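User: Could you take a close look at the ligand shell in this one for me? After that, please carry on to whatever else in the fold you can describe, and keep it relaxed.

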Amino acid sequence: MSKARLACAACQRAGPHNWRAKLVQIAPLCHRPRAIAPGRNLTTVASDSSTLMAMSAVAAPTTVFEARGLTKVYRLGEAEVQALRGIDLDLYEGEFLVLLGPSGSGKSTLLNILGGLDVPTAGRVRFRDHDLSREDDELLTHYRREHVGFVFQFYNLIPSLTARENVALVTDIAAHPLSAEDALARVGLEERMDHYPTQLSGGEQQRVAIARAIAKQPDVLLCDEPTGALDVTTGVVVLEVIQRINAELGTTTAIITHNAAIAAMADRVVTLSDGRIAQVRTNAHKLPARDIAW
Ligand SMILES: Nc1ncnc2c1ncn2[C@@H]1O[C@H](COP(=O)(O)OP(=O)(O)O)[C@@H](O)[C@H]1O
Ligand SMILES: [Mg+2]
């Protein structure tokens, strides 16, 4: 199956769709993408029974992550730190989630567990058919490589490689990658492909990091304070890129921030406090990133 060609099960249109309707469950208008086998066209897809079933069942969002009773305890010598104290959370396909909360509330710990960088002390977390709380290091590495794109506050680019080469490191080992050029064009850096990190601004370096994260066409994009080191104007450009990737590629996206203004661009906003979920809010209208200011 080609991951690159996606058509909506409801309207058979390829390209960007707004799936927020299903997440707030206001109307069965959501457009769920499905991969088209090479050689099949949209008409044949529209007439097969699985598509008709999908069309009649569009109101139910597909769960990508299911976390239940997640706890995480870090031990530092004699001392214990309770980073997570029982998290129940589902994430839905195509969703744009913002994780808010004060410093130390457990946001990074939760994101790292979803991304297979860490494992819970107790509870369980599933990504589709992967039980991330049970898998060993090798399987988690495979899971991260195949399914997850990470973006961190600091860009972690290799200084001796150009933007194109930094992205190509990932595309060389991925199963169904975008080309490095396509990934960089999607973040608006087609003119900067042969620049080294030191020749790029902070915002441009973060966009290279995003291109690197999406180049393997991950199922999920996990961003930990992606605008934390950027000024407002540059931060908004980076958020616009992430929002566009979410809309165009349908990549389930979770962003950590302590900046409440950014929550306005999310489908759902989950607020953590002292290792627990304090609030889950659904935005009836989400703002384009360019309308956000802080
Ligand atoms: N590797 C670690 N070892 C020990 N304590 C940790 C570790 N990672 C996080 N913590 C602690 O767990 C708590 C939650 O941290 P974190 O998830 O990073 O919070 P946030 O991202 O919301 O700032 C904090 O008290 C932090 O000090
Ligand atoms: Mg953190």
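Analyst: Let's sort the residue classes first: Ala, Val, Leu, Ile, Met, Phe, Trp, Tyr, Cys and Pro count as nonpolar, Asp, Glu, Lys and Arg as charged, and the others, Gly among them, as polar. By that split, the shell around ligand 1 has four nonpolar, seven polar and one charged residue. This is a predicted model, where local features need pLDDT of at least 70 and side-chain atom pairs count only at pLDDT 80 or more, while totals for chains, interfaces and linings use all residues. Residues are numbered from 1 along each chain as its sequence is written, and chains are lettered from A and ligands numbered from 1 in the order in which they are written.

Who is in that shell? Around ligand 1 sit Tyr74, Leu76, Val81, Ala83, Gly101, Ser103, Gly104, Ser105, Gly106, Lys107, Ser108 and Thr109, where being near means a C-beta atom, placed from the backbone, within 6 Å. Helices (DSSP H or I, at least four residues) and strands (E, at least two) are numbered from the N terminus. Strand 3 (63–76), strand 4 (79–92) and helix 4 (107–114) each give the shell at least two residues, and helix 4 gives the most, with three.

On to helix 9. Its 18 residues, 232–249, should span 26 Å at 1.5 Å a residue, and its end C-alpha atoms are 25 Å apart, which agrees; the expected span is 1.5 Å times one less than the number of residues. Its buried residues include Val237, Leu239, Ile242 and Ile245. Buried means 20 or more other C-beta atoms within 10 Å of a residue's own, exposed 12 or fewer, and partly exposed in between, with C-beta atoms placed from the backbone. Their cover includes strand 5 (96–100), helix 7 (180–186), helix 8 (202–214), strand 9 (220–224) and strand 10 (252–256). Right after helix 9 comes glycine 250, with a positive phi near 70 degrees.

Now the largest nonpolar core (buried Ala, Val, Leu, Ile, Met, Phe, Trp, Tyr and Cys residues joined through C-beta atoms within 7 Å). Of its 66 residues, Val98, Leu99, Val167, Ile210, Ala211, Ile214 and Leu222 touch the most other members. Helix 9 supplies the largest share of this core, eight residues.

One oddity to finish. Most residues other than glycine have a negative phi. Glutamine 217, in the loop between helix 8 and strand 9, has a positive phi near 55 degrees. It counts as partly exposed because it has 19 C-beta neighbours inside 10 Å.

Definitions and conventions
Two residues are in contact if their C-beta atoms, placed from the backbone, lie within 7 Å.
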